[in-house]
Amino acid sequence: MRAAWYERRGPAGDTLVVGEMPDVQPGPGEVRIAVSVSGLSPGDVKKRSGWQGSLMPYPRVIPHSDGAGTIDTLGDGVDPARLGQRVWCYGAQSYRPFGTAAEFVSVPSELAVPLPDAGGDSANRELAEQAACLGIAGITGYRAVFADGSVDGLVVLVHGATGGVGSIATQMAVRDGATVIAVVRPAQQQRAAELGADHVFASDEPDLPAAIRTVAPDGVNRIAEVDLADHVDLDADVIATGGVISSYYSSADRPTLPYWKLGFADTTLRLLGSDDFAPDVKEHAAQELTVALVEGSLRSAIVERVPLAGIARAHELVEGGVDGRVIVTVSEGA
């Protein structure tokens, strides 16, 4: 099979190789997917670059945990009805060596989520591209909003509301009936409004806590946090009593917390690591994301489609902070 891989940490152009290697085969309980689209997330880039000094977990790694395609081979014990099924997958390279940046990937059957026929090749292709953006970003965004139940009737604040995780958190919160407050860079305000946010604030607005309190005088019930270290003081100023801050990243390993301000608000602090969510949490999130995707209420902004041969450029785009999602096209199939 044609695949991209790396055998050492370092810059994308120096480490990523595209070539031929033996086809992967599914083990017991696994399915093999003929990959059409490979999704790329910041976490994939961090793994390749050796973020926080991480070592090579395997001699060779095919990157990317997310993707979409068609099941073409079944391992022992898998329902025969799955053969030929269109699917998207997550966790392909989570504690596993070979991800979706290849013509084939094998994953446990439960990580391959069925995708219905969208009614034609073009529509199927579009749905597959969108589905390939769901795994890491989607499950994290869903968990950041819904770890403590429905947000119908609640006020949800999403930091970085137009990012990969934030845009999904925003759309899913809107879909569930929340009043959504988006905090974004000034240039992203229109996009945040297009995602359905009820109130949009620029991150550099003077006295941002007071501005948020004008539309949420009783405070914010849930916060989806893109950088705990950077925003925790703001969060403490706007959190409602009994509110939840769910953070999936921090620019500081040991952020300083305004303990008493958070404590007096009876605040719950959740720290999220998407690779390590419980299996039932991932499965439920995947189901809900798929429903929203198929009904059309969930979309990611795909700004670059890069062929497998150009995967190094795809990684460089993500490292450079491109404003939108980057996907790697593996085949023309949907």
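G243 is buried in this predicted model, with a relative accessible area of just 2%. That puts G243 well under the 20% cut-off for calling a residue buried. The glycine sits in strand β12, which runs over residues 239-247. From there, here's a quick tour of G243's surroundings, two more residues with other settings, and the fold as a whole.

**Around G243**

- Setting aside residues up to four places away in sequence, G243 touches V220, N221, A265, D266, T267 and T268.
- R222 is 21 residues from G243 along the chain, yet the two C-alpha atoms are 5.7 Å apart in space.
- So what does burial look like here in numbers? G243 has a relative accessible area of 2%, and buried means anything under 20%.

**L269 and its patch**

- L269 belongs to strand β13, residues 268-271.
- L269 is partly exposed, at 37% relative accessible area, because that value falls between the 20% limit for buried and the 50% limit for exposed.
- Together with L257 and L271, L269 makes a nonpolar patch on the surface.
- That patch of three leucines covers about 280 Å².

**S274 in its loop**

- S274 lies in the loop that links β13 to α10, the latter being residues 279-295.
- Is S274 buried or exposed? S274 counts as buried, with a relative accessibility of 18%, since the cut-off is 20%.
- Leaving out neighbours within four places in sequence, S274 makes contact with I136, T140 and K282.

**The whole fold**

- The protein has 11 helices and 15 strands.
- Its radius of gyration is 20 Å, close to the 20 Å that the globule rule gives for 334 residues, so the protein is as compact as a globular protein of that length.
- Measuring along the principal axes, the C-alpha trace spans about 60 × 40 × 35 Å.
- Of the 334 residues, 52% are buried, and G243 and S274 both count as buried.
- Look at contacts with a separation of 6 or more, and 68% of them come from residues 24 or more positions apart.
- The accessible surface comes to about 14000 Å².
- Carbon and sulfur atoms account for 51% of that surface.

Notes. Residues numbered from 1 in each chain as written. Predicted model: local features only at pLDDT ≥ 70, side-chain atom pairs only at ≥ 80, totals over all residues. Heavy atoms only, no water. Patch = residues over 30% accessible without salt bridge, like charges linked within 9 Å, V, L, I, M, F, W, Y side chains within 5 Å. Areas by Shrake-Rupley, 256 points an atom, 1.4 Å probe, with all protein chains shown as cover. Salt bridge = Lys/Arg side-chain N within 4 Å of Asp/Glu carboxyl O. Helix = DSSP H or I, 4+ residues; strand = E, 2+ residues; numbered from the N terminus. Buried < 20%, exposed > 50% of the residue type's maximum accessible area, 1.4 Å probe, protein only. Contact = heavy atoms within 4.5 Å. Rg over C-alpha atoms; globule rule 2.2 N^0.38 Å.
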